Amino acid sequence: MKHTYKVIIIVVIAILVALGIYLAWRQIAGPAPEETGTNGGAPTEIQETVGTTNGVITKISENKVFDFWVVSATNEVYYFLPDGKISLAKDGPDLETSKQVVNALNFIEVAPGGRKILAAFGDPLAPQWGIFDVVDKVWRPLPGELQNATWGTTDEKLIAAVKNGNDLNLAEADLTRTPPAYKILIKDFRLKNVKLSYLPENRLIIAEAPASNYESSIWQLDLKTLALNLMLTPQKGEFIEWSADKNFGFAWNAKDGFTILKSDFKEVLPTIFDTLPSKCSSSANKIYCFTPQAIPQTANLPDDYFDKKFFSIDDLFTVDEETGDTVKSLDGSGLGIDAKNPQVLGTKLYFINRYDNYLYELDLK
């Protein structure tokens, strides 16, 4: 009996010692990776309103968000739900704008006027296309011959890859006609699996899909002369996103990391941080970039980020293009923010938090 008591006492002491060692190690090493989100886990709690020394962050959507856009003319923020329904974010209950379900949204693009949305959905390799009009709240399907598209000079123009029999042509589509009327720009357009982006002064950016094991290329097509030029040296993982006003391009590749460019592809200024293009936005001469506090050396970028194998805890940096000043305007420690697709409206910065996929607002004042 005494021997049994001795064994129990020894086991209890061993457990207490092990627990003490573990707690001491936790104090020294800090939180486990899943608590900081660097390996895909969410923070233990994401608050709906967080006051910081640099402003207030507020969750403003009642639903999870696929993507969103701002309308500066009306000071409104709309968002797509994952099922394709559309809501208007408001201080009170959100207003359902479209009840129509759109299966398997791929991406959306806002028209120059901010009132129409071009959307691709269905099979990513052969998507269907449609346009949603905020004014009359109606979806308008686009013809099946459209294989790829981006907005052109106005809300009534698209630049699109259009199938005609066995041919695939690059054309300008006039949406004032039903069905759309096409003006062929290039016959036998062979570039597939590319993203099209229109820039002012009749320029079309053609960017190959980025991958960590492939050197992607980014071209510029002059729509007046049809001259095609390679704009960036092909690099693994290379991709670029454009600010809403098309004044800035945010580029990244595995060799050089993150770069801020003007629309003529000249570097604005060296950056003191490394982030991904989908985490940046601009307004006037101010550039806002959410930046991971740490990126695991084992992360296979950008693939792991796109596949949600890598999450981050973000700070916010503000860059003044005119002075070159760069400041950390928000310390994200403890806030649980992994931001994507930030957009500026007035004095507010809106973004989707990848941890919970809700829409948040940061008061820049």
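**Notebook: hairpins, an open sheet and a pocket**

I looked first at the link between strand 12 and strand 13, and found a hairpin with two residues between the strands. Gly165 sits in this turn and has a positive phi of about 65 degrees. I note here that the model is a predicted one.

*Entry on strands 12 and 13.* I looked up the pairing of the two hairpin arms. Strand 12 covers residues 157–164 and is joined to strand 13 by eight bridges, with the two strands running antiparallel. I then checked Asn164 and recorded Asp167, in strand 13, as its bridge partner.

*Entry on burial.* I asked how many residues of strand 13 are buried. Strand 13 spans residues 167–174, and six of its eight residues are buried, so I entered the strand as mostly covered, taking buried as under 20% relative accessible area.

*Entry on strands 13 and 14.* I followed the chain onward from strand 13. A hairpin through six residues joins strand 13 to strand 14. Strand 14 comprises residues 181–186; five bridges tie it to strand 13, and the pairing is antiparallel. Within this pair I located Glu172, which stands opposite Lys183 in strand 14.

*Entry on the open sheet.* I next traced the sheet that contains strands 7, 8, 9 and 10. Its four strands form an open sheet in the order 7-8-9-10, with antiparallel pairing. I identified strand 7 (105–110) and strand 10 (138–141) as the edge strands, since each of them pairs on one side only. For the twist I noted an average turn of 25 degrees between neighbouring strands of this sheet, direction ignored.

I then examined one pairing of this sheet. Strand 7 and strand 8 (residues 116–121) run antiparallel and are joined by five bridges. For Leu105 I found the bridge partner Phe121 in strand 8.

*Entry on the second largest pocket.* I turned to the pockets and recorded a space of about 360 Å³ for the second largest one. I asked which residues of its lining are closest to the centre. Of the 20 lining residues, these are Ile60, Ala89, Lys90, Asp91 and Glu361. I listed the elements that give two or more residues to the lining: strand 2 (55–59), strand 4 (76–80), strand 5 (86–89) and strand 27 (348–353).

Finally, I sorted the lining of the second largest pocket by residue class. I counted nine charged, six nonpolar and five polar residues.

Terms used
Residues are numbered from 1 along each chain as its sequence is written. This is a predicted model: local features need pLDDT of at least 70, side-chain atom pairs count only at pLDDT 80 or more; totals for chains, interfaces and linings use all residues. Side-chain values use heavy atoms; hydrogens and water are left out. On a 1 Å grid over the protein atoms alone, a cavity is a set of points where a 1.4 Å probe fits but cannot get out, and a pocket is an open set with protein on both sides within 12 Å along at least five of seven lines; lining residues have an atom within 4 Å of a point. Grid points are joined across faces, edges and corners, and a volume is the space filled by probe spheres set on the points. Ala, Val, Leu, Ile, Met, Phe, Trp, Tyr, Cys and Pro count as nonpolar, Asp, Glu, Lys and Arg as charged, and the others, Gly among them, as polar. Two strands pair if DSSP finds at least two bridges between them. Axes are lines fitted to C-alpha atoms, for helices over the stretch in contact, and angles run from 0 to 180 degrees between N-to-C directions. Buried means under 20% relative accessible area, exposed over 50%, partly exposed in between (1.4 Å probe, protein chains only).
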